[in-house]
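Me: Can you walk me through this one? I'd like to start with a histidine, then move to cysteines and rings.

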Amino acid sequence: MPKVATTSSRPTLRRNQACRSCRKRKLKCDAARPHCGTCVKQWQALVGVPAPIGYAHPTEPQCSYDPVEGLSLAPDTDPIEKIRQLEDEVARLKNQLFEKEQALSRSITPNQHHAHLPTTSPTSQTSSLTRPTSSTSGVSLPQASITMMNLIESDSPQHAGRNDSSSPELATATKSTTDPFMDLLFSGWNPDLPDPNTLNHYVDVFFRCDPCGSRVLHRPSFLASMRLSPRDPGFPHSAILHGICAAASRWSPQNIVTMPDGTRRDQFAEFHASKTRQYIDKTMASGEDIFSVMQACILLSWYFYQEGRWVEVWIFAAFQTRVAIPLRLNYPGTFSTHGNNSPGAYLAPPKDLRDLESRRRTWWMTIIFDRIASVGGWIHAVDERDLGTELPLRTVDFESELAVPSNPQDLSTPDVFIRHPPQYTDSFLLFIKAVMLFGRVTDYNVRGNLRAPTAPSRNQNPFFLEGFNALDKLVCHDFLDNLPQAYKHTTGLADASEESNLDTDLYMVHIIPHAAAITLHNPYIDFTDPNNVSTARCIMAARAILSAYYTLTATSLDITRLHPFVTICWYLAAVVQVQLCKYFIEINDSERESTVWGEINVLRFVMMEYGQRSPVGTRQERLLQGLMREIVRLTGQKQPLQVGVPLYPFSHQTLFEKDEMNQQSSNDVSSVHPLLLPNTVASIWPAGDMAALDNSSTLGVES
């Protein structure tokens, strides 16, 4: 049977009409322009697979045709040579622009030049950071960005027209300020950052004042890297510098705006916080510079915590832990090449001891932030059993880069909370242990309530619950009793005539266990039972937190330099006092009720004072006011919120000289000085009941 003739839809090509690639590989070609269908399909299959490291896919199909008769081909050009030519052209244009600016500056008389150049004092540099611009967004731009805007606008026709109607002095000043910026621009300086002098000022403030994020950075090498060229690979990542600007602005504020709810917002800090978030978003998409950006994320997270922005705090706490896990920072040595059905670490092994310790500290600050963000009763992002990283070295060893062996302790060490090797112990390491101890209390409460049929009741004895007795012993006795002698009898306060020093980590070590005790025992408080141990634990813990605050007020140290977690500790102590005040209202004991009101107001006041610099204090005080509504409604006091409040709220620390305070008796001070002394707590509880409390709790806190 003869074959049926078939016709092809593809036209027959003439000789050499197909593209060169198809002819070379002997493939069918449709001669489509600019790229044939066969080359397009092969290019799409190629770019559909991620490129190996160090290789980039072609941006278009590699398809070319023989020249058409009558048309000339572009000469073959070496890509490297073309790049060199373009770079030479860019350099030539920069030189022309620079010579133009130099000619303009030379045309200015010396008197005009000195009259209109901005001063270089730190004060003027600081104030210039938030100079108003034409933008209506309400966000302040750094000096470099403002100068760039002036430079760009000065060459535009619209700007030229405006300058014709403006004063000559203003036009001269605008042109004279562009020269320093051109130098910065040529050096590769990020225009979103402040000028170098101002940035160095914020870096110095950050390392001196910040109690949180500064722990992850190696200060000596960081300060040395700030002197490098911005184009040098060792220069700090811009995300970290933006995070430092946002964090340090708390102690060197700029354009402060008071919100309708009474909180303060720093537009300079908001600008740099937004820039840090942009780098984080970019890294989430590309994975570039992931470790440096993660460190910047830690700085930004603590900034949000001090601002009291809880939604962002919770989101960033989860983000940090999920990023750190594929980096294998939770493994011993912060690196692992193997895993069960999982790929190896994203990061290369640490290149030196400094890199290793930086990874350790970055990991532990991530875990600390997760624990602190979860104290309200939330599940932790990483279980304690999955933390295999050893504890970091002492800060002095980290900064000196001594060849010290790794810390032998991690959280799986049985006695990690009660044994502290001297060569691996300082206030920061004790702070890590105190926060992790609080984390165990959070885990116990969350897991205990997860499947419990009913909520905890004050009528039950918690010591019959599994694991409660051991945790109570560790939190209320063993941790503080086993602190090293050098740290046990001092709270981190030093107020001498020559130098004042506040070790905020050590101060927190002495009050965090008491806040944890309140969290553990608060559901079981019963003031009607004088033998209730949970009541004893909570009252003694609140008394210890108040005592630590009174000790601080006896010095000239600034309480706003404390770790922001201190506001949570103050709040928990106030929660106990509010419950105690309600009990005294119910039994109609107005004298002791008045004393408790004074202590509540002291805690309210210190939160508001802390909130003058960190809004988290103001937010916690507002939360406490919501808890106090019932006792405010029930009390017989005429002005309960004014009991014990200082007459001069913003100068109470200097209302009395410390020498005069030491000479007064406790009764005189309690009746005259607005702050209550620690031993007044004993006066609010009957003598027999107080003895029972003292016998049932030995917290080892000095009044």
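Reply: A polar contact here is a pair of N or O atoms within 3.5 Å; within protein, one must be able to donate a hydrogen and the other to accept it, and residues adjacent in sequence count only if both atoms are side-chain atoms. This is a predicted model, where local features need pLDDT of at least 70 and side-chain atom pairs count only at pLDDT 80 or more, while totals for chains, interfaces and linings use all residues. Residues are numbered from 1 along each chain as its sequence is written, and side-chain values use heavy atoms, leaving out hydrogens and water.

Me: OK, which side chain does the side chain of His218 make a polar contact with?
Reply: That of Ser221, at 2.7 Å; in addition, a polar atom of the His218 side chain lies 3.0 Å from the backbone oxygen of Phe398.

Me: And is His218 buried or exposed?
Reply: His218 is buried, because its relative accessible area is 5% (buried is under 20%, exposed over 50%, partly exposed in between, with a 1.4 Å probe and protein chains only).

Me: Switching topic, how many disulfides does the structure hold?
Reply: Zero, taking a disulfide as a pair of cysteine sulfur atoms within 2.5 Å. Cys39 is in none, and its nearest cysteine sulfur, that of Cys36, is 3.4 Å away.

Me: Which residues form an aromatic cluster?
Reply: Trp302, Tyr305, Trp310 and Phe369 form one. Rings of Phe, Tyr and Trp (its six-membered ring) pair if their centres lie within 6.5 Å, and planes under 30 degrees apart count as stacked, over 60 as edge-to-face and the rest as tilted; the whole structure has 21 such aromatic pairs.
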